[in-house]
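These are my notebook entries on one structure, set down in the order in which I looked things up.

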Amino acid sequence: MGNLSWNVKSKYIHQLAEKGERQDKRDMYKYREIDIEPNYIDNALGSARVKIGETDIVAGLSFDVGDPYSDSPDKGVIITNNELGPIASPEFESGPPREDSIELSRVVDRGIRESGALDLKELCIEEREKVWLIFLDIHILDYNGNLFDASELALTTALKHGHLPKYEDEKIHHKEEGEKIPLKKLPIENTFAKIGDKIMLDPCLEEEKSLDARITFSTTEDGLCAVQKGGSGSFTQEEVMKHLEKSFDHAEELRKQIP
Amino acid sequence: MTELIKNGKRQDDRKPEEMRDLSIEAGVLKRADGSAYLEWGSNKVIAGVFGPQKCIPQHISNPYKAILKFRYNMAPFSVDDRKRPGPDRRSTEISKVSKEALESALILRHFPNTMIEIFVEVLQAAAGTRCASLTAASVALADAGVPMKDMVAACAAGKIGDEVVLDLAKEEDNAGKADVPIAIKPKSGDIVLLQMDGDLTPEEFDETLSLAKEGCMKVSEEQQKALQEKYEMEEGE
């Protein structure tokens with residue numbers, strides 16, 4: 001970050017942005033190529049591999065049966081985590097950026113939770129006693145920016161194609177497919193980066209490292225469900241509203257690509 | 001459950017666009033370089049600032065500017081069910097977005113290779129603690145004499161029932177439809193913190209942002225007042 005050559009690179013990215021251009025010649029409001037492969041892991045009853053350009057991640061679901069929370073005795077529980085392991089970037093080696101990882105988990109979790117996309121009541125087995133716990137785990141393999149959108153896309157795909165394990169006589173049969181996961185909507189996240197006073201969709205790693213501010217909208221077919229602003233810069237209210245509108249279109253574009 | 005809003009009155013008798021009472025006092029801690037104590041509704045929050053000072057550990061220092069550290073911490077007794085002491089995922093996220101919100105208001109390049117630490121303790125929590133702590137932190141930074149382009153003032157708005165309202169109270173936050181905490185730089189109105197969860201149409205979201213910004217402007221007045229009172233007191237000494 002305090003690195004001199006990096007400062008030069010960052011300046012170059014700013015200069016390009018000023019002209020409305022990007023390093024990879026992309027349009028300001030265009031995603032990199034997206035590749036989605038559902039059911040990528042045979043041993044998981046829900047999984048997906050997602051690539052956005054060179055960003056490459058795998059999401060997998062695991063299941064358990066446990067106690068519900070006391071304030072929601074008739075609802076299943078979801079637990080979202082991610083691993084920014086050293087394989088994904090040399091940056092993750094010297095002490096992983098813990099707060100980035102936590103923010104990522106919490107923001108993608110909110111997209112699923114707050115949208116009501118998962119019907120948590122259908123994940124209740126016996127009120128007050130037993131509910132499904134679904135672990136949503138995101139594994140980052142190659143980090144070239146925009147983990148928010150890639151992670152949400154992978155989880156939504158994994159949930160859409162996923163099944164609960166069979167549950168009989170108080171036992172979970174992890175290998176056998178039970179009912180489909182009660183996913184009612186397809187939550188999608190769209191992230192914009194502001195560099196100087198220009199705003200662009202789907203920042204790659206170098207754009208992410210040069211950005212002044214970042215905003216992620218989480219939407220479903222029905223509307224807005226979560227927003228997260230990041231970075232040390234700012235947005236005007238007009239910028240926020242303009243990009244929320246754009247976000248609905250881009251979300252639809254991603255939703256169509258989910259097999 | 002009783003309705004959150006009825007005939008334009010909320011459970012605590014507030015109007016939709018009315019904020020809970022807010023009072024701020026600057027310079028309340030003796031050891032810290034700058035500090036502020038804030039009461040907002042039933043929230044009680046205290047912020048302390050140390051620095052600019054030597055950066056520890058040194059390898060995280062930046063030769064171009066001071067680095068900022070922000071620690072939002074809830075006291076175990078601040079909520080109904082005891083909060084396990086120490087950082088958790090929620091407080092880590094709040095600390096991160098709060099730090100980023102302040103970065104654009106501070107002139108950090110005057111102090112290369114140093115760090116500025118901000119510690120905020122939530123002593124009593126009643127919805128809106130991230131706005132309360134960011135608001136207090138901003139006053140504490142000004143109190144510490146850290147050069148700033150502008151203050152950072154925070155306030156939330158949200159939706160309860162079918163209405164957009166300012167500054168959600170605890171019950172409203174729990175049972176409401178959406179909560180949108182924001183922070184702005186009052187001089188420009190630029191948004192430096194923005195989070196949202198819940199369910200809003202774009203029109204409602206826009207309305208919520210406008211209302212929250214108005215709230216931030218009121219908060220900003222209280223911040224100015226707190227700093228002014230501190231200076232008046234110093235004059236009197």
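Before placing the first residue, I note the convention: strands are DSSP runs of E with at least two residues, numbered from the N terminus. On that basis I place B:P52 in strand β5 (residues 43-54) of chain B. I also record that the model is predicted.

**Entry 1. Peptide bonds and phi angles in chain B**

I looked at B:P52 on account of its backbone. The peptide bond that leads from B:G51 to B:P52 is cis, and its omega is near 5 degrees. A further cis bond joins B:I56 and B:P57, with omega about -10 degrees. I find B:P57 in the loop between β5 and β6 (67-74) of chain B. Most peptide bonds are trans, and most residues other than glycine have a negative phi.

I then turned to phi. B:D13 is not a glycine, yet its phi is positive, at about 75 degrees. B:D13 sits in the loop between β2 (9-10) and β3 (22-26) of chain B. B:D167, also not a glycine, has a positive phi of about 55 degrees, and its place is in the loop between β9 and α3 (170-175) of chain B.

Are these two residues buried or exposed? B:D13 has 7 other C-beta atoms within 10 Å and is therefore exposed. B:D167 has 28 other C-beta atoms within 10 Å, so I enter B:D167 as buried.

**Entry 2. The sheet that runs through both chains**

I traced an open sheet of 8 strands with antiparallel pairing, in the order β10(A)-β9(A)-β11(A)-β12(A)-β11(B)-β10(B)-β8(B)-β9(B). Its edge strands, each paired on one side only, are β10 (198-201) of chain A and β9 (163-166) of chain B. Direction ignored, neighbouring strands of the sheet are turned by 20 degrees against each other on average.

From the chain A edge, I followed β9(A) to both partners. β9(A) and β10(A) pair antiparallel over 4 bridges, and A:A193 has A:M200 as its bridge partner in β10(A). The two strands form a hairpin with 2 residues between them, and A:G196 in the turn has a positive phi of about 65 degrees. With strand β11 (residues 213-220) of chain A, β9(A) pairs antiparallel over 7 bridges; there A:T191 is matched by A:T216.

Strand β9 (residues 188-195) of chain A is mostly covered, with 8 of its 8 residues buried. A:I188, A:N190, A:F192 and A:K194 point one way, while A:E189, A:T191, A:A193 and A:I195 point the other way. In a regular strand the side chains alternate between the two faces of the sheet.

At the chain B edge, strand β8 (residues 153-160) of chain B pairs with β9(B) in the antiparallel sense over 4 bridges. In that pairing B:I160 stands opposite B:E163.

**Entry 3. Where the chains meet**

How many residues of chain A are in contact with chain B? I enter 27 residues of chain A in contact with 29 residues of chain B. The elements of chain A that give two or more residues to this side are α2 (98-114), β12 (223-230) and α5 (237-257). β12(A) supplies the largest share, 8 residues. By class, the side of chain A that touches chain B divides into 10 nonpolar, 10 polar and 7 charged residues. β12(A) and β11(B) run antiparallel and are joined by 4 bridges, and A:A226 stands opposite B:D197.

**Entry 4. Helix α2(B) and the cores**

Helix α2 (residues 129-143) of chain B lies across β8, β10 (178-185) and β11 (190-200) of chain B, at about 165 degrees to β8(B). All 15 of the 15 residues of α2(B) are buried, so I describe the helix as largely enclosed by the rest of the structure. Just after the helix, B:G145 takes a positive phi of about 80 degrees.

The largest nonpolar core has 98 residues; B:A136, B:A154 and B:I182 are among those with the most contacts inside it. α2(B) gives the most to this core, 9 residues. A second, separate core has 39 residues, including A:L104 and A:I140.

How values were computed: Residues are numbered from 1 along each chain as its sequence is written. Chains are lettered from A and ligands numbered from 1 in the order in which they are written. This is a predicted model: local features need pLDDT of at least 70, side-chain atom pairs count only at pLDDT 80 or more; totals for chains, interfaces and linings use all residues. Two strands pair if DSSP finds at least two bridges between them. Axes are lines fitted to C-alpha atoms, for helices over the stretch in contact, and angles run from 0 to 180 degrees between N-to-C directions. Two residues are in contact if their C-beta atoms, placed from the backbone, lie within 7 Å. A nonpolar core is a set of buried Ala, Val, Leu, Ile, Met, Phe, Trp, Tyr and Cys residues joined through C-beta atoms within 7 Å. A residue is buried if 20 or more other C-beta atoms lie within 10 Å of its own, exposed if 12 or fewer, and partly exposed in between; C-beta atoms are placed from the backbone. Ala, Val, Leu, Ile, Met, Phe, Trp, Tyr, Cys and Pro count as nonpolar, Asp, Glu, Lys and Arg as charged, and the others, Gly among them, as polar.
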